[in-house]
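Subject: Structure handover

Hi,

Here is the structure I promised. Please open it first, then read my notes underneath.

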Amino acid sequence: MKELFDKLGGKPVTYVLGAVLLAVLVDWSGITWRMEQMVVDTELRLVRAPVAGDIAIVAIDEKSLREYGPWPWSRQLYARLLDHLQDAGAGTVAFDILFADPRRDDAEGDQAFAEAIERHGRVVLAMSSDRDISSGTVSEILPRPLFARPAAAIGHTDLPIDQDGILRGVYLQAGSGAARWPQLALAALLLDTNRKIAHLPGHESVRGGYQGQGRWIRNHRILFPFSSESNPVLAFSFADVVEGKVRKSLLAGKTIFVGVTAQGLQRLFLIPGGGNWLMSGVEIQANVLSALEQDALLTELRGWPRWIVLALLSALGGMVVALYRRNCVTKGLILGLLVTGGASLILLLFFGVITPTIPMWVSLAVMAFLANRRQVLYLQYSSGRDTLTGLCNRRSFEEHYQRMWRINERHQRPLFLLILDVDHFKRLNDAMGHLHGDEVLRKLGAYLKSKTRRAGDRACRIGGEEFAILLDMDEPDMQRVHGYAQQIVDDVRDLGISYSDAGQDYCLTLSIGCASMVPGESSTPDALFDAADQALYQAKKAGRNQVWCYESDKQPAAPNAVEDKLYGQ
Ligand SMILES: Nc1nc2c(ncn2[C@@H]2O[C@H](COP(=O)(O)OP(=O)(O)OP(=O)(O)O)[C@@H](O)[C@H]2O)c(=O)[nH]1
């Protein structure tokens, strides 16, 4: 596992693919949705745009309430408003007010309003919905037929709130059973421009018509930039307009939304962008129309396009992390976050595309963490390695030696140590050069590593051309160890590393001294080392290219007793 991690962690492709897969997985799981929305909201702050100049609100505000008394008023006032707006040359008038019930005490007012709607010819009325709590079904509430008949269009005023209480977008179509009603702002747009929109923008979540009785169906969700606090929608007081206090030129040619803004009478919506900025429904309608008119909608990527953009951006971030994986992981992570964050910002500012940023950042953080882990492991590993052969160095060998000594002492098991020395290595160096000598040592290192595969086994380069092997044997038996060492001697000879010196050909050989001891109070790690060294000395003395062993019984093993128990080939 560690080796796999080591191998994969070294390759840039690991970081690129890892970042892509993880980002897609995190995004798909939806666990970062809330955080993601916070980022999107912050980004949306940057794309705020003023509402188009040909849109205005006629607001039922505090001033109008002071003028005309408590709301609702006689519909006569709306009739007067419509006539005034018509006179001023205003365009479509959309009421963000539901006129569903008759005013029984003011039939005249209702009649006057109906006639004014007819006269005006370009009035859009609002419809709404009502959920029956016991059955859960949703029914439509339409304007009373007296008004609906002369109205040019009817639009819904459903403003959906996300799970976190923020309104980020609207549905261009909604209705009970089928999404047949256009959003109020869309209805006004269609009327004003006499346009037929072949393909409604936004995400089409519902295909086909009727979706089931009593279900409130929404379709074509759009996101759009909201107007800023410093650039609010142009608004006139209802009373000022009706009383003719607003210059006609200010109203001429404008699409007018009529709605309530007075505190306490209307529902306010929290809009994205941080802070607690609230907007009334009528202001939101003005914002929607402005965005539709100017084609300034934002695209929230879904499905395959979302995965593809996410994959491309996180691959870019993964590449940055991979680039810095060895020198400075933190720098790589910070740059990766900046690059991906910057790319999403560019997509938003220039193309109006909202990309999921948090999943990319999560995946980059994980990749950077893995790169860092690998780097730490690599440093730990390399500090205990011999740089030429890749075997462990004397320091880490000694640590391992001491550890194995303690373990075997607990279990009262013998420990086997082999010391290996290349024969006449000076002669090889002199004949072939130091670099060639290095290459030979490297080859020997690789071979010895392949001979030490058990967890407790360790091969190490303890000096120039001197190696040591510590063996962890299941069945402690010096004969087997002798056979093992002899195999090494034979294999090295069979490697056929040959060289000539002074006209004579030589083949590289090894000598090995083996020793074993049961760790205990009377035997020490140094004693075992000395014993193996003595055995090696004997092997050299006896002509090299051979194995000599020293085997202790469980008695104290004084170094001077070593030779008594030595045996060779
Ligand atoms: N190429 C190379 N040579 C090394 C390295 N470390 C030590 N040596 C050489 O290894 C040689 C060891 O020489 P000696 O200690 O006389 O031993 P030997 O020639 O192998 O003779 P015996 O051990 O008695 O068989 C010296 O020439 C060192 O310079 C190394 O890292 N690379």
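The shell around the ligand comes first. This is a predicted model. In it, 16 residues surround the ligand. The closest are His424, Phe425, Asn429, Asp438 and Arg461. By class, the shell holds eight charged, five polar and three nonpolar residues.

Which elements supply the shell? Strand 15 (415-422), helix 16 (425-432) and helix 17 (434-450) each give at least two residues. Helix 17 has the largest share, with four.

Now the polar contacts. A backbone N or O atom of Phe425 sits 2.7 Å from a ligand oxygen. The side chain of Lys540 places an N or O atom 2.9 Å from an oxygen atom of the ligand. At Val422, a polar backbone atom is 3.1 Å from a ligand oxygen. Taken alone, the ligand exposes 670 Å², and the protein buries 67% of that.

Next, the backbone. Most residues other than glycine have a negative phi, and most peptide bonds are trans. Three places here deserve a look.

- His424 has a positive phi, near 45°. His424 lies in the loop between strand 15 and helix 16. His424 is also among the closest residues to the ligand. Its relative accessible area is 34%, so His424 counts as partly exposed.
- Arg544 has a positive phi too, near 70°. Its loop runs between helix 19 (525-541) and strand 21 (547-551). Arg544 is partly exposed, at 29% relative accessible area.
- The peptide bond from Trp71 to Pro72 is cis, with omega near 5°. Pro72 is in the loop between helix 4 (62-68) and helix 5 (76-88).

Best wishes

Note on methods
Residues numbered from 1 in each chain as written. Predicted model: local features only at pLDDT ≥ 70, side-chain atom pairs only at ≥ 80, totals over all residues. Heavy atoms only, no water. Near = heavy atom within 4 Å. Polar contact = N/O pair within 3.5 Å; in protein donor to acceptor, adjacent residues only side chain to side chain. Areas by Shrake-Rupley, 256 points an atom, 1.4 Å probe, with all protein chains shown as cover. Nonpolar A, V, L, I, M, F, W, Y, C, P; charged D, E, K, R; others polar. Buried < 20%, exposed > 50% of the residue type's maximum accessible area, 1.4 Å probe, protein only.
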